[in-house]
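Q: Please take a close look at a single strand of this predicted model. A connected account of its side chains, its partners and its surroundings would be welcome.

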Amino acid sequence: GAGDILFKSTVATADKNLFLDAGSSGNITADKSITGGGAMTVRDGAAQKYSGEITVDSLDIQDATTSVTLDGDVTTKTTLDINSDGSLIQNAKVDAGTSVDYDAGGTIEINKSIKSGTTVDIDATGVTTVAEAGDITAGGAVTFGADKSGTLTTAGDIDTSNDNVTFTRAVTMGGAVDIDTGSGAGNILFS
């Protein structure tokens, strides 16, 4: 379908699950916050823009035809998983209790920090660009480009707790970068 979903005011989920589906050509726009827990699942939507804070148990954007833009801070108790056929733009902080998984058929822009309780996986067909403010702190391994062919341009630091940081595609430095896998067994791999 082509119907849009538009939240002009706040959404209080009251720890209930929220499912959104605007079809492959309908847009999803949340101008204000979506908070209160529960699982938030977006089955489909074309251009998706989340301007307010999101605080939920998990966030699963299964399909975005055109784009996903996060303009408000996102906090999840568990997983944060975003799949976009086009672009994915993160303009606010992300804090996931467990894993973060970004997949884009186009480009990815990470302009603010990512904190993950476990792993971070970032894959794009186009270029992934990490800004200086896009530092990544992970309790597990951090992997770029494992499943898609896009290159990485980065100015963001990466810290893990004794876990690997893996770059499987070409890397261009956009600024000074500090990669720290902790005092234990984490490896830094350019493969």
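**Strand E7 and its setting**

A: Val68 in strand E10 is the bridge partner of Gln48, a residue of strand E7, which spans residues 47–50. The pairing of E7 with E10 (residues 67–70) is parallel and comprises four bridges. E7 is also joined to strand E4 (residues 28–30), again in parallel, through three bridges. Here Ala30 has Tyr50 of E7 as its bridge partner.

The side chains of E7 alternate along the strand. Gln48 and Tyr50 point to one face and are buried, whereas Ala47 and Lys49 point to the other face and are not buried. Such alternation between the two faces of a sheet is what a regular strand shows.

Tyr50 also leads into the interior of the model. The largest nonpolar core has 43 residues, and Tyr50 is listed among those with the most contacts inside it, together with Met40, Leu80, Tyr102, Ile114, Ile122 and Phe144. In soluble globular proteins, nonpolar side chains tend to be buried together. Ile122 illustrates the contacts of one such residue: beyond its neighbours within four places in sequence, Ile122 is in contact with residues including Tyr102, Ile114 and Phe144. Other contacts of Ile122 include Ile108, Ile110 and Ile136, as well as Thr128, Thr143 and Gly145.

Parallel pairing also appears elsewhere in the model, in an open sheet of nine strands with the order E2-E5-E8-E11-E14-E17-E20-E23-E26. Strands E2 (11–12) and E26 (179–180) stand at its edges with a single partner strand each, so one side of each has no neighbour in the sheet. E26 pairs with E23 (residues 158–160) in the parallel sense over two bridges, and Asp180 in E26 is the bridge partner of Asp159.

Terms used. Residues numbered from 1 in each chain as written. Predicted model: local features only at pLDDT ≥ 70, side-chain atom pairs only at ≥ 80, totals over all residues. Heavy atoms only, no water. Pairing = 2+ DSSP bridges. Core = buried A, V, L, I, M, F, W, Y, C linked by side-chain atoms within 4.5 Å. Buried < 20%, exposed > 50% of the residue type's maximum accessible area, 1.4 Å probe, protein only. Contact = heavy atoms within 4.5 Å.
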